[in-house]
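Please walk me through this structure in the viewer, one selection at a time. I would like to know what to click next and what I will find there.

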Amino acid sequence: MSEVNLEWPLWEVFVRTKAGLDHKHCGSLHAADPKMAIQLARDVYTRRQEGCSVWVVRSDQIVASDPGDKAMYFDPMEDKVYRHPSFYKLPSEVDHM
Amino acid sequence: MTASISLNFTPQVEYLLRIADTCLILGQRLGEWCGHAPVLEEDIALTNVALDLIGQTRALLTRAGQIEHQGSGRSDGPYDEDQLAFLRDERDYRNLTMAELPRGDFAFTVLRNLVLGTWLKLHWDRLQQSSDAELAAIAGKAVKEARYHQQHAADWLVRLADGTDESRRRVEKALAELWRFVPEMFAADAIDDAAVASGLGPARSALREAWQAEIAAVFDAARLAAPAEAAFRSTGTLGVHSEHLGRMLAEMQFLQRSFPGGAW
């Protein structure tokens, strides 16, 4: 007898609000298979016209940075203002960039 | 208490009420799943379907009320969707009997949604060519919703039939319980003949072949066999209902009967 997993896998849901924009993460849900995940994502996250396209990804397929690495990974960027492109003089014709 | 309204039943009115009431009663039954579905996500999915059905009902009842009024000779305005939904006597509802059967378990609900959802989708598909422009417009919007309802139910049926011994047992039980209510879905009568003659919409009997083909494709995937046709004929579309409708209407109508025109 093989073990049956009674808990459905978790999926992350990404919704594109309109053509041309990117898919944005908007939440997660449980579903038994990819097709069910897409349908339930549609039912749970786009019922108020939030989207025109959905992606779902198995949550266990996402590789995430370790919160313990936060200091090493992200804090060193704090004092490096020169990495912002704010030291150029823009020609006035360029206006808002 | 608000008294019941009585309608001037013309063939056109009856034709529209058969579809509208099937949507209304099925929608009400599905609403009973709110808070009770097996998982939260499916709870939302089922109530989405229920709300779509109620939306379709609203449009159809509004149109039925206008057509009913034309032939009624009454000097007041047409009955609106709420009056038609909540103030008719049980015998004046024209839904398929299958729609009013109690909620049952999840397998029963999935199978009923597939069986009736396919029937409704085929109606909407054909009704887009209705001679009644208003009805054609309603159908154009509803057919998109109906395609999803059918797909969602079909996928679930395959999963359940192909799932565990228990889920398959329940699907087979639902099949045995529901199948005797199928013949009514394709019965022929003068009301349908009139609808065909005027171009209002298709005869139910003309949809049987397409329905069987679509159901057979799902049943093949689910390794299910359709039972033989029963001799029993249910009669909801004639206004003669099972014992389940009256109980449902009592709950559904209570508020509008006790607080006429109540809104929130």
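The tour below visits each chain in turn and ends where the two chains meet.

**Before you start**

Keep in mind that this is a predicted model. Its scores are ipTM 0.82 and pTM 0.91. For chain B, the average pLDDT is 96, and 100% of the residues score at least 70.

**Stop 1: all of chain A**

Select chain A and show it as a cartoon. You should find two helices and three strands. Follow the chain from the N terminus and the elements come in the order β-β-α-β-α. Chain A has a radius of gyration of 21 Å, well over the 13 Å that the globule rule gives for 97 residues, so this chain is more spread out than a compact globule. Turn the view along the principal axes and the C-alpha atoms of chain A fill a box of roughly 70 × 35 × 15 Å. If you colour by burial, 16% of the 97 residues of chain A count as buried. Among the contacts in chain A with a separation of 6 or more, 46% link residues 24 or more positions apart.

**Stop 2: the strands of chain A**

Now select residues 10-16 of chain A, which make up strand β1. Add β2(A), residues 23-30. These two strands run antiparallel and are joined by seven bridges. For one pairing to look at, click A:Val13, whose bridge partner in β2(A) is A:Gly27.

Next, look at the link between the two strands. β1(A) and β2(A) form a hairpin with six residues between them. In that turn, pick out A:Gly20, which has a positive phi of about 100°.

Then add residues 53-58 of chain A, strand β3. β1(A) also pairs with β3(A), again in the antiparallel sense, over six bridges. Here, click A:Trp11 and you will see A:Arg58 of β3(A) standing opposite.

Show the side chains of β1(A) before moving on. Which residues lie on the covered face of this strand? They are A:Trp11, A:Val13 and A:Val15. The uncovered face carries A:Leu10, A:Glu12, A:Phe14 and A:Arg16. Two residues you have already clicked, A:Trp11 and A:Val13, are therefore on the covered side.**Stop 3: a single residue, A:Lys24**

Zoom in on A:Lys24, which is found in strand β2 of chain A. Is this residue buried or exposed? A:Lys24 is partly exposed, with 13 other C-beta atoms within 10 Å. Leaving aside residues up to four places away in sequence, A:Lys24 touches A:Phe14 and A:Val15. Try the distance tool on A:Lys24 and A:Phe14: their C-alpha atoms are 5.0 Å apart in space, and the two residues are 10 apart in sequence.

**Stop 4: all of chain B**

Hide chain A for a moment and select chain B. This chain has 10 helices and zero strands. Along the sequence, the pattern reads α-α-α-α-α-α-α-α-α-α. The radius of gyration of chain B is 18 Å, close to the 18 Å that the globule rule gives for 264 residues, so chain B is as compact as a globular protein of that length. Along the principal axes, the C-alpha atoms of chain B fill a box of roughly 60 × 40 × 35 Å. Colour by burial again, and buried residues make up 41% of the 264 residues in chain B. Of the contacts in chain B with a separation of 6 or more, 73% are between residues 24 or more positions apart.

**Stop 5: helix α1 of chain B**

Select residues 11-31 of chain B to bring up helix α1. At 1.5 Å a residue, its 21 residues should span 30 Å, and its end C-alpha atoms are indeed 30 Å apart. How many residues of α1(B) are buried? The count is 19 of the 21, so α1(B) is largely enclosed by the rest of the structure.

**Stop 6: where the chains meet**

Bring chain A back and select the residues in contact between the two chains. Chain A gives 11 residues to the contact and chain B gives eight residues. On the side of chain A that touches chain B, the elements giving two or more residues are β2 (23-30) and α1 (34-45). The largest share, six residues, comes from α1(A). Colour this side of chain A by residue class and you will find six nonpolar, two polar and three charged residues.

Conventions
Residues numbered from 1 in each chain as written. Chains lettered and ligands numbered in written order. Predicted model: local features only at pLDDT ≥ 70, side-chain atom pairs only at ≥ 80, totals over all residues. Contact = placed C-beta atoms within 7 Å. Helix = DSSP H or I, 4+ residues; strand = E, 2+ residues; numbered from the N terminus. Nonpolar A, V, L, I, M, F, W, Y, C, P; charged D, E, K, R; others polar. Expected span 1.5 Å × (residues − 1). Buried ≥ 20, exposed ≤ 12 C-beta atoms within 10 Å, placed from the backbone. pLDDT = per-residue confidence, 0-100. Pairing = 2+ DSSP bridges. Rg over C-alpha atoms; globule rule 2.2 N^0.38 Å.
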